[in-house]
Amino acid sequence: MTIEDNNEMAALISIFLRNEGFHTLDFGTAEEGLDYLKKNNVDIILVDINLPGMDGFMFISHARKLTSVPILIITARRSDTDAVAGLGFGADDFITKPFSSEVLVARIRAFLRRAEGLENNNEKIITFGPFEFFPDDFVLKKDGDPIPLSNLECRLLAYLINRAGKYAKPEVIHKDVWKNEFGDLTVVAVYIQRLRRKIEDDPSSPIYLKTSFGRGYGFCFPDAEKS
């Protein structure tokens with residue numbers, strides 16, 4: 001799904017993707033895209049930030065309540081602040097105009113490979129506190145109520161849980177989870193904060209996703225920490 005109000009840009013993206021064998025859906029407003037998502041599934045979402053009516057940031061925030069598929073921001077904005085803001089709302093990455101068809105297609109294929117890998121993951125259910133973690137569904141459940149995760153949030157949480165009790169520096173996490181493909185180390189802190197908002201009662205004083213000065217981030221099972 002592509003949400004882009006510039007008809008020429010939307011047509012160009014559609015040509016790029018159709019030439020690579022992708023089926024595309026094009027919408028000119030965030031509202032149209034959300035209406036479609038309420039009734040249908042897509043594999044990946046490309047969204048511009050500067051849209052008429054609801055902007056791309058708000059679209060991402062609403063879309064994250066409907067789907068966990070990868071969201072890629074397409075923007076002419078070059079500010080790091082805007083890029084980080086988009087990640088904070090729930091996007092997985094961004095690409096700045098102008099871009100080549102090769103770069104766009106490579107990004108999309110990489111995200112789809114990651115999503116497919118998670119869907120084929122048959123890991124057992126992981127429980128901690130009131131939570132149940134289902135890595136293959138990108139879902140946390142707290143007291144039975146689902147908390148959806150994006151694919152990168154899922155990858156990061158699974159990575160930290162698998163290393164429970166150990167800390168990893170941002171550069172190590174970025175290498176292992178992001179595979180050094182996109183973005184910079186800033187995204188690690190952004191995603192840690194996103195996860196904390198979903199699982200911590202007080203994100204400023206976390207009991208699960210902890211920070212250790214000079215050592216990085218780590219996941220702690222509170223019961224294990226007390227023993």
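Guide: Contact here means heavy atoms within 4.5 Å. The model is predicted. Ask about V187 to begin with.

Visitor: Which residues is V187 in contact with, leaving aside neighbours within four places in sequence?

Guide: L87, H174 and W178. Each has heavy atoms within 4.5 Å of V187, so each counts as a contact. V187 itself sits in helix α8.

Visitor: Why is V187 called buried?

Guide: The relative accessible area of V187 is 5%. Buried means under 20%, so V187 qualifies.

Visitor: What separates the C-alpha atoms of V187 and D92?

Guide: A gap of 9.1 Å, though the two residues are 95 apart along the chain.

Visitor: Where are helices α6 and α8, and at what angle do they pack?

Guide: Helix α6 covers residues 151–162, and helix α8 covers residues 186–199. They pack at about 85°, with axes 10 Å apart.

Visitor: Why is α6 called roughly perpendicular to α8?

Guide: Angles of 65 to 115 degrees take that label. The angle of about 85° falls in that range, so the pair is roughly perpendicular.

Visitor: Which residues of α6 and α8 meet?

Guide: From α6 come L152, E153, L156, L157 and L160. From α8 come Y191, I192, R194, L195 and K198. By class, this contact holds seven nonpolar residues, three charged and no polar.

Visitor: What makes α2 and α3 roughly parallel?

Guide: Helix α2 (residues 30–37) and helix α3 (residues 56–63) cross at roughly 10°. Angles under 35 degrees count as roughly parallel, so the label fits. Their axes come within 10 Å.

Visitor: Which residues make the contact of α2 and α3?

Guide: A30, G33, L34 and L37 belong to α2, and F59, H62 and A63 belong to α3. Five of the residues are nonpolar, two are polar and none is charged. G33 goes in the polar class because Gly is placed there by definition.

Visitor: How do you know whether C154 and C220 are buried or exposed?

Guide: Set both against the cut-off of under 20%. C154 has a relative accessible area of 0%, so it is buried. C220 has 8%, so C220 is buried too.

Visitor: How many disulfides does a search of the whole structure find?

Guide: Zero. A disulfide needs a pair of cysteine sulfur atoms within 2.5 Å, so no pair passes that test.

Visitor: Why does T2 count as buried?

Guide: T2 has 3% relative accessibility, and under 20% is the rule, so T2 is buried. It lies in strand β1 (residues 2–3). Not counting residues up to four places away, T2 touches I13, L25, D26, F27 and L46.

Visitor: Why is D143 called exposed?

Guide: Its relative accessible area is 60%, and exposed means over 50%, so the word applies. D143 lies in the loop between β8 (139–142) and β9 (145–148). It has a positive phi of about 55° although it is not a glycine.

Visitor: What is the omega of the peptide bond from K97 to P98?

Guide: Near -5°, and the bond is cis. P98 is in the loop between β5 (93–96) and α5 (101–119).

Visitor: How many helices and strands does the protein have, and what share of its residues is buried?

Guide: Nine helices and twelve strands. Buried residues make up 48% of the 227 residues. The protein exposes about 11300 Å², and carbon and sulfur atoms supply 50% of that.

Methods:
Residues numbered from 1 in each chain as written. Predicted model: local features only at pLDDT ≥ 70, side-chain atom pairs only at ≥ 80, totals over all residues. Heavy atoms only, no water. Helix = DSSP H or I, 4+ residues; strand = E, 2+ residues; numbered from the N terminus. Buried < 20%, exposed > 50% of the residue type's maximum accessible area, 1.4 Å probe, protein only. Areas by Shrake-Rupley, 256 points an atom, 1.4 Å probe, with all protein chains shown as cover. Axes fitted to C-alpha atoms, helices over the stretch in contact; angles between N-to-C directions. Parallel < 35°, antiparallel > 145°, perpendicular 65-115°, else oblique.
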